[in-house]
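I keep these notes as I go through the structure, one topic to an entry. The sequence and the coordinates come before the entries.

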Amino acid sequence: MLETSCWGVSPHPALQVPGWVAVQTLRHTEGLGTLNTAEAQALGPVLSRVSAALARATDAEHIYTYSLGERVRHTHILMGPPGSGVRGREFLDRLLRRDQSLVDQLRAERVAADVGVLLAGSGSAE
């Protein structure tokens, strides 16, 4: 979908929920506190660019963003819109539990393609 000198963006690695993506460092880092200066400076513009593309591709009013790193020390920021008729805590709880009712493989693939096109046409994030 997108790769800059420091960050990569790809569909959510564990669950094909429409509009959900992972923003991750290209090198291994163990959380936001371990980012180098270039990674930290590029993060805001990347998140803004991805959020705008997700909102446009999904027609969503809100794009959720979270990063936990509980099981494996890494820097992945997951982003996407609420869906399946639920919002807020209920949606995030279902997403974290990998609730299969959120999955829509065909729509997730279409949205990912649309987001990729939008990111390709939106200029530099760095």
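The entries below cover aromatic pairs, one threonine, the largest pocket and one glycine.

**Entry 1: aromatic pairs.** I began by noting that the model is predicted, with local features requiring a pLDDT of at least 70. I then searched the whole structure for aromatic pairs and found 3. One of them joins tryptophan 20 and tyrosine 66, whose ring centres lie 6.1 Å apart with 50° between the planes, and I recorded the pair as tilted. That angle is neither under 30 degrees, as stacking would need, nor over 60, as edge-to-face would need, so the pair falls into the remaining class. The two partners are 46 residues apart, tryptophan 20 sitting in the loop between β2 (7-11) and β3 (21-25) and tyrosine 66 in strand β4 (residues 64-66), and the pair therefore links distant parts of the chain.

I next looked up how much of each partner is accessible. Tryptophan 20 has a relative accessibility of 2% and counts as buried, while tyrosine 66, with a relative accessible area of 17%, is buried as well because the limit is under 20%. I also noted that Trp20 and Tyr66 belong to one aromatic cluster together with Tyr64 and Phe91.

**Entry 2: threonine 75.** I located threonine 75 in the loop between β4 and β5 (76-80), and at 3% relative accessibility I entered this residue as buried. Which partners does the side chain of threonine 75 reach? I found a polar contact of 2.5 Å with the side chain of threonine 29, and the backbone nitrogen of glycine 31 is reached at 2.9 Å. Leaving out residues up to four places away in sequence, I listed what threonine 75 touches, including Trp7, Val23, Gln24, Leu32 and Leu35, besides Thr29 and Gly31.

**Entry 3: the largest pocket.** I read off about 450 Å³ of space for the largest pocket. Its lining has 16 residues, and the closest to the pocket centre are Tyr66, Arg71, His74, Leu78 and Arg98. When I asked which elements give two or more residues to this lining, the answer was β5 and α2 (88-96). By class, I counted 8 nonpolar, 5 polar and 3 charged residues in the lining. Tyr66 thus appears in my notes both as a partner in the tilted pair and among the residues closest to the pocket centre.

**Entry 4: glycine 88.** I placed glycine 88 in helix α2 and, at 27% relative accessibility, entered this residue as partly exposed. Its C-alpha atom is separated by 8.6 Å from that of tyrosine 64, although the two residues are 24 residues apart along the chain.

Key. Residues are numbered from 1 along each chain as its sequence is written. This is a predicted model: local features need pLDDT of at least 70, side-chain atom pairs count only at pLDDT 80 or more; totals for chains, interfaces and linings use all residues. Side-chain values use heavy atoms; hydrogens and water are left out. Rings of Phe, Tyr and Trp (its six-membered ring) pair if their centres lie within 6.5 Å; planes under 30 degrees apart count as stacked, over 60 as edge-to-face and the rest as tilted. Helices (H or I, at least four residues) and strands (E, at least two) are DSSP runs, numbered from the N terminus. Buried means under 20% relative accessible area, exposed over 50%, partly exposed in between (1.4 Å probe, protein chains only). A polar contact is a pair of N or O atoms within 3.5 Å; within protein, one must be able to donate a hydrogen and the other to accept it, and residues adjacent in sequence count only if both atoms are side-chain atoms. Contact means heavy atoms within 4.5 Å. On a 1 Å grid over the protein atoms alone, a cavity is a set of points where a 1.4 Å probe fits but cannot get out, and a pocket is an open set with protein on both sides within 12 Å along at least five of seven lines; lining residues have an atom within 4 Å of a point. Grid points are joined across faces, edges and corners, and a volume is the space filled by probe spheres set on the points. Ala, Val, Leu, Ile, Met, Phe, Trp, Tyr, Cys and Pro count as nonpolar, Asp, Glu, Lys and Arg as charged, and the others, Gly among them, as polar.
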